[in-house]
Amino acid sequence: MRKNFTRRNFLITSTTGLVGMTVSPTMGFAEKSDISTENTIKNRIVTPFVSEVERLAVEEPYDYHKHLSTAPVHVWRRDKNITAEKDEMTILNHGWKLVYLKQAGIVTSTAVQDFQDYMDISHGVKIELEEKSALNDWKKLSQCIVAGTREQLPGCGLTLKSPKDYEIQVTPRRVVVCGYDEQGTMFGLFNLEARMNLREAPFLPDNLKTVRHSLYNTRMVLSWMGWMEWPDALLSHLVHDGFDGIFAGVYTNPNGDRTTADNSTDFYARLMYGVRKQDSAKIRDLIKRASKYGLKVYTQIIFQYLGTEESEAELRRLVRDIVREFPEINGYILLTEGFWYKKWGGGHGASKEYLQDWAKNWSYAVGVVEEECHKVNPAIEILPWEYNIDFRPQNTEIKRYFIQQLPENTIPMLTWENGKSFEIDGMQGYLRDYSLNQIGPAEVTEAQIEEAKNRNMRVFSKVDTFASWQYGTIPYLPCPYQWHDRYKALEKLGVNGTLESWSSGYKPNFLSKLRAWTCWTDYPSFETLLNQTATVIFGKNQQEQVLQAWEYFSRAIRLVPDTGPNMGTNNAIGNPIFFQIPPVRTATFTYSWSDPAKNDPNLNPYWPFTVSRMVFFPDFSNQVNRAEQYARNATGIVATNETKILPLFLNYLKKAIDEMEKGLTLYRSAAVNSPEAKRREAVREVIVAEQLQRMMQSDYAILEFEDLRMKLVKEKERETIREILDRMEGIVKDEIERTELSLLAVTRDSRMGFQFEQDYVYTPYSLKEKLLILKDTLLCQLPKVRKENIR
């Protein structure tokens, strides 16, 4: 496949120094020739890998949602060509039983049924379930898998210490799974499944004995599928990947109370007003279904505390009502986006005195919630999360102050990486939002962890572990080495619990499975896990290429200067390159008495396929270089107006693109040469990585094109105009080819482009519309300007 950014010589190598001519900002579209998405500008090279992508079944938007809701959790895993090693035992397809206690609870019952299904569906091995009134004779049982808790298995699990811990003992004739509690038993059985998945056969070491202690009190996650989308199949996938908690119904009270949203005029209340009303019956149903898997349910509490006696009384009433209605809810997240004091603003630019007063009053309200909850059940977890308070490195003192004010019986929820400082060529930047290019934690977060530990408080953290808002429309980021460094940092700092996604949410992927291993002690080396995972996906003979590709991808993400939920990281593939103002695609209010900003503030009428903040649209009055502005905002670099950030930004983005291409060369080869039985999944893995690189390439192209457009409007020298137009034409041609490949990808993988915070950010339809604009620009708009200015 052609390397757009590594083999093409730029006609213009500098983004500085060109001045002069004018292109009318009101210039309309030129007369169109026969332009359609079916007519390509040049013959695209169909590589062997592209042919493999074209072989995949076509998917419509939301097809993966349907699959995840209805498809069996287990699939065929066995490689019939694999034979057991001399130090391995085999669970045979006859005579084996899974023995458990007759009086076992719902979590154990669900887990043993799951294991029976797994052995049958994944390996063609049928085992019989046997309930016993007691398991005291477990040491005498033969050809059995014995599953129980330490109380049910006398003499086993003596070193287990905490919930979710488990011990596995394997001999040639018996497998024992002993949990500290029912959850431990469940996770032990699922670990057996994970071991056999990596082995691709029902084989286990015949002398295995492992005691695994859970590193986290809680691992919770949001659903990728949508706001309250929690089908049973997804819940089952979650626990198989080691999660034991879910965060449901964000930005709403679980009982549907909308007092704050409907009555307050504050900024955040207005945002809460636009959030769906919660249906308490759905919460009750979710709690019931989640209990089968031992999943804890967490929700928010939404309230604006005004500091008055009346406001406090109202807060107490709300909390009592919620706790009475939902005694099974395990914890409440008090996120400043929805639980705040008086006036929200994040404190940016506010005085130290103001922020300290805000912290005291907010923490007092947190204490009210804690007090009312713990009157009913002292085990309820109260998780204050002051996300919006300025997280730049210089704000460490105030962030510490918030921890100092919190009631001692609460658990601070800390944002892991946001605000982390970094240096690019001597210039200081900081992460603007959730991003993987820095491992973390942020300086303010590390200080808060230290402060909390000094107070003997447990600490939870919102920390991405497989997907991020940085490239949030890519279902997961295939950068395992960078992710593993983050896992190690979490363990080193002793974080007690995690919220491992925001609106990127959870969906099954190879990284979430790798992550599950690292959440208990005594896991194989990460290199061993990667080797086995590469073999499972791509085949034994492709292992080395895949590992090298993952190394390149991990290097690439470290170089990306675009941090957070921006156009460049989430919609660049779907964002047109605008040379002139396009026709509007919605009703407009430009000359109406209606204020467009108030009537439809979230949509750009020229490109209304996603929210405005995800659309890069030029300033056609030609007063502001939006490309330079974008680079400055996306990196968090603070510099004088005279200092140009865009050249630096593009330089590092190109380095990331080149690293991705090195990895993709290996990745594509591995997929094309993978065994036929593995080909489909191998190709889909490469699609994810290719789409990640295309997002980087389109980000680069859009910003470079706009920078050139701004130079073109001032340029007067004919030869320089020619050079600029030549380069712009080259950018558009490359973007057409890239968009066509992106369109192919999204029609074969409906996960692409989806991010539940605003649904699909780009779709096959919007990509086709983008192609129309690109082709009109190439065939009509640019030639017209060339004709008018170069005679």
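A residue is counted as buried when its relative accessible area is under 20%. By this criterion, strand 6 of the predicted model, which spans residues 174–179, is mostly covered, with 6 of its 6 residues buried. In a regular strand, side chains point alternately to the two faces of the sheet. Both faces of strand 6 are covered: one side carries Arg 174, Val 176 and Cys 178, the other Val 175, Val 177 and Gly 179, and all of these residues are buried.

Strand 6 is paired with strand 4 and with strand 5. Strand 4 (residues 144–149) runs parallel to strand 6 and is joined to it by 6 bridges; within this pairing, Val 146 lies opposite Val 176. Strand 5 (residues 166–171) is likewise linked to strand 6 by 6 bridges, but the two run antiparallel. Here Tyr 166 faces Gly 179 of strand 6. Strands 5 and 6 form a hairpin, with 2 residues between them.

An open sheet is formed elsewhere by 8 strands, in the order 15-13-11-10-9-20-19-16, with parallel pairing. Strand 15 (381–385) and strand 16 (413–415) occupy the edges; each has a single partner strand, and therefore one side of each is left without a neighbour in the sheet. From one strand to the next, the twist averages 25°. Within this order, strand 9 (residues 218–221) and strand 10 (residues 245–247) run parallel and are connected by 2 bridges. Met 220 is positioned opposite Gly 245 of strand 10.

How values were computed: Residues are numbered from 1 along each chain as its sequence is written. This is a predicted model: local features need pLDDT of at least 70, side-chain atom pairs count only at pLDDT 80 or more; totals for chains, interfaces and linings use all residues. Side-chain values use heavy atoms; hydrogens and water are left out. Two strands pair if DSSP finds at least two bridges between them. Helices (H or I, at least four residues) and strands (E, at least two) are DSSP runs, numbered from the N terminus. Axes are lines fitted to C-alpha atoms, for helices over the stretch in contact, and angles run from 0 to 180 degrees between N-to-C directions. Buried means under 20% relative accessible area, exposed over 50%, partly exposed in between (1.4 Å probe, protein chains only).
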